[in-house]
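Trainee: I would like a close look at a single part of this protein. Please take it slowly and link it to what lies around it.

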Amino acid sequence: MTAAQADLQIDRPEVTDGAALWRIARDSKVLDLNSSYSYLLWCRDFAATSAVARDESGEAIGFVTGYVRPDRPRTLLVWQVAVDEAYRGRGLAAALLDGLVARTVAEQGLTTMETTITPGNTASERLFTSFAERHGARLERTVLFDTALFPDGPHDPEVLYRIGPLTDAR
């Protein structure tokens, strides 16, 4: 943990964090923005597989949302990662991801993480590639959803990043 992260707390989101998560996602101008309702549901139904970073006053300043794949119960699918603009460049996204994976591996025995990234999203490519390197895990990339599958195009393809095996690296 860096000195910039020392005053931050990483824990499970609560329903009351939903509005802040929606705002952070909206303000990122990069993520596909879901309805505010979906962020409230996410904080209620998927808190065990998500993480929120809080500043010294307890305000949400970053998050990772994820879920366990129903057909692969040892796989965590990371849906979104976002950090409030004022806190970017401090390694907070990596700390969130590391904390979430350590918790879910320990509590749920997960062995693999997946996410999708559109080509050219350099920040996400670096985040997940460096995660795999830090944890000595294999990283496989394949196109999951080709451009032609999206009905509301144009949409870049979604490349699946599959990382594993995961270990409890606390």
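Is Leu149 buried or exposed, and why?

Mentor: This is a predicted model, so read each statement as one about the model. Leu149 counts as exposed because its relative accessibility is 58%, and the cut-off for exposed is over 50%. The residue is found in the loop between strand E6 (138-145) and strand E7. Together with Leu144 and Phe145, Leu149 forms a nonpolar patch on the surface, and the accessible area of the three adds up to about 290 Å².

Now follow the chain into strand E7 (158-164), which supplies at least two residues of the largest nonpolar core. That core has 28 residues, and those touching the most other members are Leu92, Leu97, Met113, Phe128 and Ile163. Other elements that each supply at least two residues include strand E4 (72-83), strand E5 (112-117) and helix H4 (122-134). Helix H3 gives the most, with seven residues.

Take Met113 as an example. Leaving aside neighbours within four places in sequence, its contacts include Leu76, Val78, Leu97, Phe128, Tyr161, Arg162 and Ile163. One of these contacts, Arg162, also has a charged partner: the side chains of Arg162 and Glu114 meet in a salt bridge, at 2.4 Å from N to O. Arg162 lies in strand E7 and Glu114 in strand E5, so the pair ties together parts that are 48 residues apart in sequence. Glu114 counts as buried because its relative accessibility is 3%, and the cut-off for buried is under 20%.

A second salt bridge can be read in the same way. Asp17 pairs with Arg54, with the closest N and O atoms 2.7 Å apart. Asp17 sits in the loop between E1 and H1 and Arg54 in strand E2, 37 residues away, so here too distant parts of the chain are linked. Both Asp17 and Arg54 are buried.

Pro13 is found in the loop between strand E1 (9-11) and helix H1 (18-28). Pro13 is buried, because its relative accessible area is 5%. Not counting residues up to four places away in sequence, Pro13 touches Cys43, Ala47, Ser50, Ala51, Val52 and Arg54. Pro13 and Trp42 are 29 residues apart in sequence, while their C-alpha atoms are 8.7 Å apart in space.

To place these parts in the chain, use the record: an unreviewed UniProt entry lists residues 8-167 as "domain: N-acetyltransferase". Over residues 8-167 the chain is 32% helix and 31% strand.

How values were computed
Residues numbered from 1 in each chain as written. Predicted model: local features only at pLDDT ≥ 70, side-chain atom pairs only at ≥ 80, totals over all residues. Heavy atoms only, no water. Core = buried A, V, L, I, M, F, W, Y, C linked by side-chain atoms within 4.5 Å. Buried < 20%, exposed > 50% of the residue type's maximum accessible area, 1.4 Å probe, protein only. Helix = DSSP H or I, 4+ residues; strand = E, 2+ residues; numbered from the N terminus. Contact = heavy atoms within 4.5 Å. Patch = residues over 30% accessible without salt bridge, like charges linked within 9 Å, V, L, I, M, F, W, Y side chains within 5 Å. Areas by Shrake-Rupley, 256 points an atom, 1.4 Å probe, with all protein chains shown as cover. Salt bridge = Lys/Arg side-chain N within 4 Å of Asp/Glu carboxyl O. UniProt positions renumbered as here; feature names shortened; annotations may be inferred.
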